[in-house]
Structure formats: structure tokens, C-alpha cells
Amino acid sequence: MKQHSHNISYTVYQSLEELPQEIREQFLILEKKVKDAYAPYSEFKVAAAVKLDNKQWVYGTNQENAAYPSGLCAERVALFYAKSEYPDADVDTLLIITDKPFEMPCSPCGACRQVISEYEFNQTKEINLYLYSHHQVWFFPSATSLLPFVFSSESLKK
Ligand code: THU
């Protein structure tokens, strides 16, 4: 028997001013876009921005429905749209913001982590992830680090 452990490292920015300029500008755009999320049931609005390796930025907000499971998180709206429009482009960066002034940033749900991880597996570069609260920004250099032991299509191979 052998004990194993798993660690992840991430960076905490104490203010928007500490961020790279491009990321700061995108968060300012997302602060406006998050207001347009369609979240009448949870009243929890989320917006995501995806930067592709072709330098294109694509945005998404969460979209809910009276038939609750039919809605979709902002991250998947943005990623699916990005990969539909630009199927050959790699995902460079993902930004996430909510309209709630919580201490802790909103981090992607398990289903979104699974989706982000698969795109990361399919490309050589890791996906940078920035999570914004109105107090701090958390930076993860690899999205897959948020989902250790991710389910992979390798498992389906006979
Ligand atoms: N939601 C997101 O869009 N992204 C997340 O990372 C967490 C949750 C949405 C789903 C639902 O519309 C609402 O927030 C409440 O869970």
C-alpha cells in the first residue's frame, strides 16, 4: 500500500490593477455583460469570456429555463459557442465573473470542469483560468488542475 497526494497551486490577485492589462479590460467588459445573463430562477448571474489562440474573445452568460435542467452555465455557453464558431482554434484563457459581491470567486461547476478539461486535453497548451470576485482574482494556470482524476475518453477505449 502507498499513500499519494495531489496539490494544486494558484495565484491570488488582490485587485484588478495587479492583473495583465488585457485581462483587466476583459473583466471590465464582463462586469457589463453579466447583467444580461438570463437567470430569473436562481437570480445568480454569471458571465464568461474565452480567449482563443486566434486572439478572438467570445462571451457567454448563464441561460436558465423553467424546466430547470435545460439551462446552461455561462462557461459552457461561451466555450460551446467559441468551439462552434472556431472549431480549429485552441482555447487560451477563460474568465469567469458573477454579479454577486461575494468574498470568494465563483468557480466552475463539475460539469463545466469536465468540458473545460476535455478541450485542454485536445490541445497542447494549458487553459488559463481567471476567477473574479469583487474582492480578488484567482488565477489557475491549468483548468484541469481543478478536476483531478477527470473522466477521459481514454477510459472508453477497449
Ligand atoms: N452557474 C454558472 O453559470 N457558472 C458557474 O460556474 C456556476 C453556476 C449558473 C448555473 C445557474 O444558472 C446559476 O448559476 C445558479 O447555479
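Surface patch, helix H1 and Pro69

Q: What makes the nonpolar surface patch?
A: Ile8, Tyr10 and Val12 make a nonpolar surface patch of about 240 Å². Patch residues have over 30% relative accessible area and no salt bridge (a side-chain nitrogen of Lys or Arg within 4 Å of a carboxyl oxygen of Asp or Glu), and nonpolar side chains are joined within 5 Å. Areas are Shrake-Rupley values with a 1.4 Å probe. This is a predicted model, in which local features need pLDDT of at least 70 and side-chain atom pairs count only at pLDDT 80 or more. Residues are numbered from 1 along each chain, and side-chain values use heavy atoms.

Q: Why is Ile8 called partly exposed?
A: Its relative accessibility is 38%, and partly exposed lies between buried (under 20%) and exposed (over 50%). Ile8 lies in the segment before strand S1 (11-13).

Q: Why is Pro69 called exposed?
A: Pro69 has a relative accessible area of 77%, so it counts as exposed. Pro69 lies in the loop between S3 and helix H2 (74-85); helices are DSSP runs of H or I of at least four residues, strands E runs of at least two.

Q: How do you know that the span of helix H1 agrees with its number of residues?
A: The expected span is 1.5 Å times one less than the number of residues. For the 13 residues of H1 (21-33) that gives 18 Å, and the end C-alpha atoms are 19 Å apart, which agrees.

Q: Which residues of H1 are buried, and what puts them on the same side?
A: Ile23, Gln26, Phe27 and Leu30 are buried in H1. They cover an arc (directions from the helix axis to the C-beta atoms) of only 105°, which puts them on the same side of H1.

Terms used. Buried < 20%, exposed > 50% of the residue type's maximum accessible area, 1.4 Å probe, protein only. Patch = residues over 30% accessible without salt bridge, like charges linked within 9 Å, V, L, I, M, F, W, Y side chains within 5 Å.
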